[in-house]
Each structure stands twice: as structure tokens, then as C-alpha cells.
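This briefing introduces a structure to a reader who has not met it before. Please view the sequence and the model first, and then read the points grouped by topic below.

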Amino acid sequence: MKFNILTIFPEIFNILNHGVISKAFEKNLSINCYDIRENAINKHGQIDGKPYGGGEGMLMMAQPLKETLSKISSKDRGHVIYLSPQGKKLSQESVINYSKMKSLTLVCGRYEGVDQRFIDKYVDEEISIGDFILSGGEYAAICLIDAIARNLPGTIGNEDSIKNDSFSNGLLKGPAYTRPETFEDIKVPDVLLSGNHSKINEWKTQKSLIQTYIRRPDLINELKLTKKQKKLLEEWTSKDIL
Ligand SMILES: C[S@@+](CC[C@H](N)C(=O)[O-])C[C@H]1O[C@@H](n2cnc3c(N)ncnc32)[C@H](O)[C@@H]1O
């Protein structure tokens, strides 16, 4: 998969050279950064202007963005995304859909954002990574690339870990433990040491349901629980234990 990035800070993307995602670069991921500043409107490197009608800060101009985008052939652009707080909120479902695409072009805003005419003419979709404001679209683009790369074949050694990630079945994952068996007087739950795999799976499913019920009831409401899931959740709500 190929990512084309429009940014004024290409060096920020060096952060992706760490951990499992760096493996994806060896296999099936490439990133090409296009520096918007190279297409500035004057020799001073200007790419921004004051907003018409007043208002605080500066806006990225449409022309330098358009010229930067034109460096990528329309065949290589794929879907053009502007990372923006006004966009549709990113979800695991859309991450998986993007991971099936051959290329994506990500436009990273700065300052107070981007002239609307560039968005109207050249952007296919606006994506937000959450209801908060970042200082630049680069950080949102990195989140998006990381989330997509996880789903590309070969990035994660054990593909079951993706299948069992939170959100993959609409639920949050439950709690997990590693060595030692006792940490500051807190013991690992007995069932996890029992070696009984069907009991362990049942415990994990129940904890995942409980975690989601408590922390993200909105997710539970969106799901059609199976009979078994309903039973496990009811078992807990009737006992009122965690
Ligand atoms: C300081 S923000 C501009 C915010 C703008 N004044 C507003 O209120 O919508 C600069 C850039 O950061 C990026 N950005 C900020 N928050 C984001 C979010 N939640 N998701 C995606 N991109 C975001 C966008 O590219 C935006 O153009």
C-alpha cells in the first residue's frame, strides 16, 4: 500500500520507523512525503493567508496545496483524505476498508486549517481522529497510517492478535495479565492459571462484555448480542460483580 502525504513537516513521519510498523515498510507499505512549502506562492515560502471576513490565525492557501497534489499522478493518488476535526470520526471499520486500498493521499492541515475551495475541489473525504484539536494533521495522519498498517498482511506476526483486538467484534478487550503471578498482593485470576481453555475463553468473553458494558455502553447498544453473550452479561449483572 502506498501513502502520499502533503505536509509542511515531512520529517515528522520518521516516527513511523519504529516497532512493528517499521516491518510493514520492508514488506508492503511505502510513504512519499510532498513538501507543500516547495510550492509556496513566493520566494519567502508563503503558503498561508489571513482569512477573508476576519477571524483569528492564518489559513493554508488553495494554490500551494493544489500544486503539491499535482505532483502525484491521478492514478497514484487513490482516495484523497483531508485530516480535519470537521471530518467523519475514524472507526476500526473504516480503517479496515482503507487497508484494502492500493493508495491513499493524506492532506495535513496546519494553522487554522485549509481554504475551503481546495477541500471542495480536490478532497474525497474528511476524516477526524476524535473530538479534540491537534496542532497539525500530521499527528492524525500518523494514527491513521499506523492503524491501517497493522491490518496489512505480514505486519503483525500473529494475525490472531488483530482478529482479537478491541472493536474487531464490536467490543472492548477485557483485562490481561503477565508474570509474576502476584504483584503487590494482587493475584492473577485463578481461572487464567487453570489450563482449562474453555473456561478461560468464557472468562475472557465475559470480561470483555463487562468492560464494554461499563465503559462503552454505546458499543453494546449497537451490537446484537448472541444468546451466549447475553447469558454471560446477565450472569454478571445479576451478581453485580466485576
Ligand atoms: C489547529 S488545527 C485547526 C483547527 C480549526 N481551527 C478548527 O477549529 O477546526 C490545524 C490542523 O490540524 C489537523 N487536526 C486538528 N484536529 C484534528 C482532528 N481531531 N482530527 C484530524 N485532524 C485534525 C487538521 O488538519 C487541521 O487543519
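**Briefing on the predicted model**

Lysine 231 lies in helix H11. With 12 other C-beta atoms within 10 Å, lysine 231 is exposed, since a residue with 12 or fewer such atoms falls in that class. The structure described here is a predicted model. Its chain has a mean pLDDT of 95, and 99% of its residues reach 70 or more.

**Confidence and domains**

- Among the elements of the chain, the highest mean pLDDT belongs to E6, at 99, and the lowest to H7, at 86.
- Two domains are assigned to the chain: domain 1 covers 2–150 and domain 2 covers 166–239.
- Between the C-alpha centres of domain 1 and domain 2 there is a distance of 38 Å.

**Surroundings of the ligand**

- The ligand is surrounded by 20 residues, of which Leu83, Gly109, Leu134, Gly137 and Ala140 are the closest.
- Strand E5 (79–89) and helix H6 (137–150) are the elements that give two or more residues to this shell.
- The most is given by E5, which supplies 4 residues to the shell.
- Sorted by class, the shell holds 9 nonpolar, 9 polar and 2 charged residues.

**Helix H6**

- The 14 residues of H6 should span 20 Å at 1.5 Å a residue, and the end C-alpha atoms of H6 are indeed 20 Å apart.
- Buried residues of H6 are Gly137, Glu138, Ala140, Ala141, Ile142, Leu144, Ile145, Ile148 and Ala149.
- The cover over these buried residues includes the strands E1 (2–7), E5, E6 and E7 (125–128), together with the helices H1 (19–27) and H4 (92–98).
- Gly137 and Ala140 appear both among the residues closest to the ligand and among the buried residues of H6.

**Helices H9, H10 and H11**

- Helix H9 comprises the 19 residues 197–215; an expected span of 27 Å, at 1.5 Å a residue, agrees with the 26 Å between its end C-alpha atoms.
- In H9, the residues Ser208, Leu209, Ile210 and Thr212 are buried.
- Helix H10 (217–222) and helix H11 (227–239) are included in what covers the buried residues of H9.
- Lysine 231 of H11 is 25 residues from glutamine 206 in sequence, and their C-alpha atoms are 9.3 Å apart in space.
- Proline 217 is placed in helix H10, and it counts as exposed because it has 10 C-beta neighbours inside 10 Å.
- Proline 217 and leucine 171 stand 46 residues apart along the chain, with 9.9 Å between their C-alpha atoms.

**Leucine 59 in strand E4**

- Leucine 59 belongs to strand E4, which consists of residues 59–60.
- Leucine 59 counts as buried because 21 C-beta neighbours lie inside 10 Å, and the class begins at 20.
- Beyond its neighbours within four places in sequence, leucine 59 is in contact with Asp48, Gly49, Pro51, Tyr111, Glu112, Gly113, Val114 and Asp115.
- Leucine 59 and arginine 77 are 18 residues apart along the chain, and their C-alpha atoms are separated by 24 Å.

**Backbone features in loops**

- Tyrosine 111, although not a glycine, has a positive phi of about 55 degrees.
- The loop that holds tyrosine 111 runs between strand E6 (103–108) and helix H5 (116–122).
- Tyrosine 111 is partly exposed, as 17 other C-beta atoms lie within 10 Å; this residue is one of the contacts of leucine 59.
- Glutamate 184 is another residue other than glycine with a positive phi, here near 45 degrees.
- Glutamate 184 sits in the loop between E8 and strand E9 (186–187), and it counts as exposed because it has 4 C-beta neighbours inside 10 Å.
- Arginine 179 and proline 180 are joined by a cis peptide bond, with omega at about 0 degrees.
- Proline 180 is located in the loop between helix H7 (160–163) and strand E8 (182–183).

Technical notes. Residues numbered from 1 in each chain as written. Predicted model: local features only at pLDDT ≥ 70, side-chain atom pairs only at ≥ 80, totals over all residues. Near = placed C-beta within 6 Å. Nonpolar A, V, L, I, M, F, W, Y, C, P; charged D, E, K, R; others polar. Domains from an automatic or database assignment. Expected span 1.5 Å × (residues − 1). Contact = placed C-beta atoms within 7 Å. pLDDT = per-residue confidence, 0-100.
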